[in-house]
Amino acid sequence: MPLDTSTYSLALLRLDGRRWNELRRMHAQVSVQTAADGSSYLEMGNTKVICTVAGPSEGRRSGAGGGGGDANATVQVEIGIAGFSGVDRKRRGKGDKRTSEMQMTIANAFSNTLFTHLYPHSTILITLHVLSQDGSTLAACLNAATLALIDAGVPMSDYVVACTSGSTSSYSSSIEEAADPLLDLNGTEEQELPFLTVGTLGAGERVSVLVMESRVQAERVEGMLAVGVDGCKQVREILDQVVRRHGKRILESIMT
């Protein structure tokens, strides 16, 4: 059944009770797996991801998505999507095209953000396990990877934060039709509406990741991007609070 978008007015609520510029509930933890060099657990609504980081270490030079050369560390990303994570209970193999694209996108984003020149001839392995999918899967993976890399102590220029934004107007709609931007789409909205995933570096407006898999009029993209960048600023504040709370707990444990 088509998604009812008649309630998507800027003054009204969406189907899950949010306004157009509201994020879903976000929960995150750092150091959830003591055996890993760095780890994190993140929830964006009902999308749940666990991330572990191994390295920088000498060794693996092949695998999934990666970037860098001999003079820099190679960033490799592996994504495992649980068969029970979605409604269709589809098991994705290692050769799945969408998973490979996500791996390459995340690897490229962090290859340009991490100080890989400090670790020549080494590998940084980011492993992501998607436990539940309800929209913003790529954004959740990027945010979880950022927290895990910080936990691992890998130096980077700033946070890489991401979220999704969409439009209430489909590609077939006319230009004159009113179209409102939406922030942080859930799974149902992603199935019915055009959306993009935007990732920014730090609290500014420097875009480091931009992925759009649906069709929409070019006139709508600017508004969608502006809403997405503003959402990334909100996400950065949340992740920064998580990191600061974790650091405070470590300091308190050392002092006592």
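Let's start at one residue: Leu225 is partly exposed, with a relative accessibility of 25%. That value falls between the 20% under which a residue counts as buried and the 50% over which it counts as exposed, so "partly exposed" is the label it gets. You'll find Leu225 in helix H4, which covers residues 218-255. Keep in mind as you look around that this is a predicted model.

Who are the neighbours of Leu225? Leaving aside residues up to four places away in sequence, Leu225 touches Ser165, Leu196, Val198 and Leu210. Pro181 is another residue to look for: it sits 44 residues from Leu225 along the chain, and the C-alpha atoms of the two are 9.1 Å apart.

Now step back and take in the whole chain. It has four helices and ten strands. Going along the sequence, they come in the order β-β-β-β-β-α-β-α-β-β-α-β-β-α. Of the 256 residues in the chain, 48% are buried. Take the contacts between residues at least 6 apart in sequence, and 69% of them join residues at least 24 apart. As for the outside, the accessible surface of the chain is about 12600 Å², and carbon and sulfur atoms account for 51% of that.

Next, drop into strand E9, residues 195-201, where Thr197 has its place. Is Thr197 buried or exposed? With a relative accessible area of 6%, Thr197 is buried, because anything under 20% counts that way. Again setting aside residues up to four places away in sequence, Thr197 touches Leu138, Ala139, Cys163, Thr164, Val209, Leu210 and Val211. Leu210 may ring a bell, as Leu225 touches that residue too.

Back to helix H4, this time with a partner. Two packed helices are described by the angle between their axes and the distance between the axes. For H4 and helix H2 (residues 137-152), the axes come within 11 Å and cross at roughly 30°. That angle makes H2 roughly parallel to H4, since angles under 35 degrees count as roughly parallel. The crossing of H2 and H4 is right-handed. On the H2 side, the contact is made by Asn143, Leu147, Ile150 and Asp151, while H4 brings Val235, Leu239, Val243 and His246. Sort the residues of this contact by kind and you get five nonpolar, two polar and one charged.

Finally, a few spots where the backbone deserves a look. Most residues other than glycine have a negative phi, and most peptide bonds are trans. Where is there a cis peptide bond? Go to the bond from Gly55 to Pro56, which is cis, with omega near 5°. Pro56 has its place in strand E3, residues 47-57.

Then there's phi. Ser31 is not a glycine, yet its phi is positive, at about 60°. Ser31 lies in the loop between strand E1 (26-30) and strand E2 (38-44), and at 32% relative accessibility it counts as partly exposed. Asp184 isn't a glycine either, and it has a positive phi of about 55°. Look for Asp184 in the loop between strand E8 (181-183) and helix H3 (187-192). How does the surface treat these two loop residues? Ser31 is partly exposed, whereas Asp184 is buried, with a relative accessible area of 1%.

Terms used. Residues are numbered from 1 along each chain as its sequence is written. This is a predicted model: local features need pLDDT of at least 70, side-chain atom pairs count only at pLDDT 80 or more; totals for chains, interfaces and linings use all residues. Side-chain values use heavy atoms; hydrogens and water are left out. Buried means under 20% relative accessible area, exposed over 50%, partly exposed in between (1.4 Å probe, protein chains only). Contact means heavy atoms within 4.5 Å. Accessible areas come from the Shrake-Rupley method with a 1.4 Å probe; for residues, only the protein chains shown count as cover. Axes are lines fitted to C-alpha atoms, for helices over the stretch in contact, and angles run from 0 to 180 degrees between N-to-C directions. Angles under 35 degrees count as roughly parallel, over 145 as roughly antiparallel, 65 to 115 as roughly perpendicular and the rest as oblique. A crossing is left-handed if the near helix is turned anticlockwise from the far one by less than a right angle, and right-handed if clockwise. Ala, Val, Leu, Ile, Met, Phe, Trp, Tyr, Cys and Pro count as nonpolar, Asp, Glu, Lys and Arg as charged, and the others, Gly among them, as polar.
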